[in-house]
Amino acid sequence: MTSCAGDNSPKPEDAASFITVSDPVQHSEGMNKFTSYRVDVANNNTAENPHNHNNNNNNNNNNTHDDMFRPPNCTAVLRRYSDFLWLYERLHKERAGAIVPPLPEKQAVSRFSQAFIEDRRVNLERFLRRIAVHPELYDANSLDTFLRADDLSFQTAKNAKGQVADAMVMSSSIAYPTNPVLSMPPRKKDGIKKWFAETKASMSGDLVRSPDDDLFEEIDRYIDGLEKQMKNVQQQASLLVRKDKELANGLFEFGMAFNILGQSEADALGEGLSKMGITADGLSTVSMEHADKEMTKFETPLKDYIKTIHGVKLALQKRHEKRLTYTTCLSEVAAKRANFARLRSMPGAEARAYGSEMSLKRGEAASEAAKEEFIIVSQRVLREVDRFKRENGESMKRTVLDYITLQIEYNKKMEQAWSDLLPQLEKVDADRFSAPGSLPTSIPGPTLTEGNGLDFSPAHQQGQPDQQQQQQPHLEQAPLDYRNQMKINDSQNMLNMGGIQYRNNGAEFPLDKGPM
């Protein structure tokens, strides 16, 4: 699980706790299968304005849509993942230049498992809460529509395109009509022509200049470098988590081996070895819990930080798009102005000159609108980058401190466990193993019965101490040929020692092959 549900440190989005995502339910429509979530907006009696914690100056009126978060506007709607994706994309269009909080990524496999659904629910809830406290997004019409519109109104707004979608979102956020009727037909756009014009302007590199261009170039370099460094840190953090999980598994196997070893020993040594195994097994559990906490409080925040950096890059890209649009509009106005001057100087072309003049005025109006949009987006991006540096710097500090605290707590537990084990092992007295009744210091000799000849038991050896010495001279006095041909049968080649048979390899070789 990649959610931060176990992280109790306060975060900015906690101010929007009145928004909840709950009750995931799976649906099937033919071959299509999806999960819906209940989105609730409860009474926000405890906070007059969830944005009071943010004191930076901006062009938004903080009281515009505050009523949306106050009683009696308690709402409950059902939304699926594609609805959240619609909100994410609409916010990029409606508030271009804003850093939109990251949305949980799509997943092709195991997307209906309980663990994945719960993880997505937590992240979708965090997504909405971050938008609710976002100084640039909290009063967006698309958020109002998402949280309050009934199913029919929302689906109509979701499926609409272009200016129709803008009108539907605005109407849904105000009146929520059950059968909305639009009197304004969609304005046709020459999309291909506009695309070619913007592409030409982009390839030429002759974009309109602004006083903040140098500052934005510096921001671009800063964000690119930060993204590379953060990805490197995140990869190393993932490697640490993986190694800690491997350590936990290793400690478990280590402890199991000592438990088995302790069972094979007797008295205090076996008990000490078993305690060693129990301690290692307990530390394997501690290590696995520590790895999970590292993933929750360190690795996951780093991944989220990288997603936020990507949001900054998207905001900068929106500013570049507005700049490109403004440059294209200026080029079109210049062309239309030249055409109008040419037609006005031609005799008999008054009607065409009038049409060209009207086109020029429309182009100039579009150019002014593009200029205004470019300025608004540029200022919004600057505010957002400043907020990003401030808030995410504090978030990174909190993440690092949490990681250090985790390491201190983990190492204290490890040290305490080993310290408790040490005096128990020191009590084990090696001299006890030589005391009567303890483990024998030598293995008794084997006993061979009539089937294999000799009796090497201790009792038999005590009764006949010189038997081997008496037999050895007779063997040495035998002829050499007799000694070389003498073989011990298979039953004599195996010595029975404590129930385990050991082969007497020396009996297979002749005693002497050399000449007398």
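Angles under 35 degrees count as roughly parallel, over 145 as roughly antiparallel, 65 to 115 as roughly perpendicular and the rest as oblique. The model is predicted, with local features needing pLDDT of at least 70 and side-chain atom pairs counting only at pLDDT 80 or more, while totals for chains, interfaces and linings use all residues. Residues are numbered from 1 along each chain as its sequence is written, and side-chain values use heavy atoms, with hydrogens and water left out.

**Helix pair**
- The axes of helix 7 (residues 213-264) and helix 9 (residues 350-426), lines fitted to C-alpha atoms over the stretch in contact with angles from 0 to 180 degrees between N-to-C directions, come within 13 Å and cross at roughly 20°.
- Helix 7 and helix 9 are therefore roughly parallel to each other.
- Among the residues that meet (contact means heavy atoms within 4.5 Å) are L215, F216 and I219 in helix 7 and S378, V381 and L382 in helix 9.

**Nonpolar cores**
- The largest nonpolar core, a set of buried Ala, Val, Leu, Ile, Met, Phe, Trp, Tyr and Cys residues joined through side-chain atoms within 4.5 Å, has 31 residues, including V39, F84 and L128.
- Elements giving two or more residues to this core include strand 1 (19-29) and helix 2 (114-132), where helices (H or I, at least four residues) and strands (E, at least two) are DSSP runs numbered from the N terminus.
- A second, separate core of 21 residues includes I223, F298, I309 and A315.

**Burial**
- In helix 2, 16 of the 19 residues are buried (under 20% relative accessible area, with exposed over 50% and partly exposed in between, for a 1.4 Å probe and protein chains only), so helix 2 is largely enclosed by the rest of the structure.
- N32, placed in strand 2, counts as partly exposed at 34% relative accessibility.
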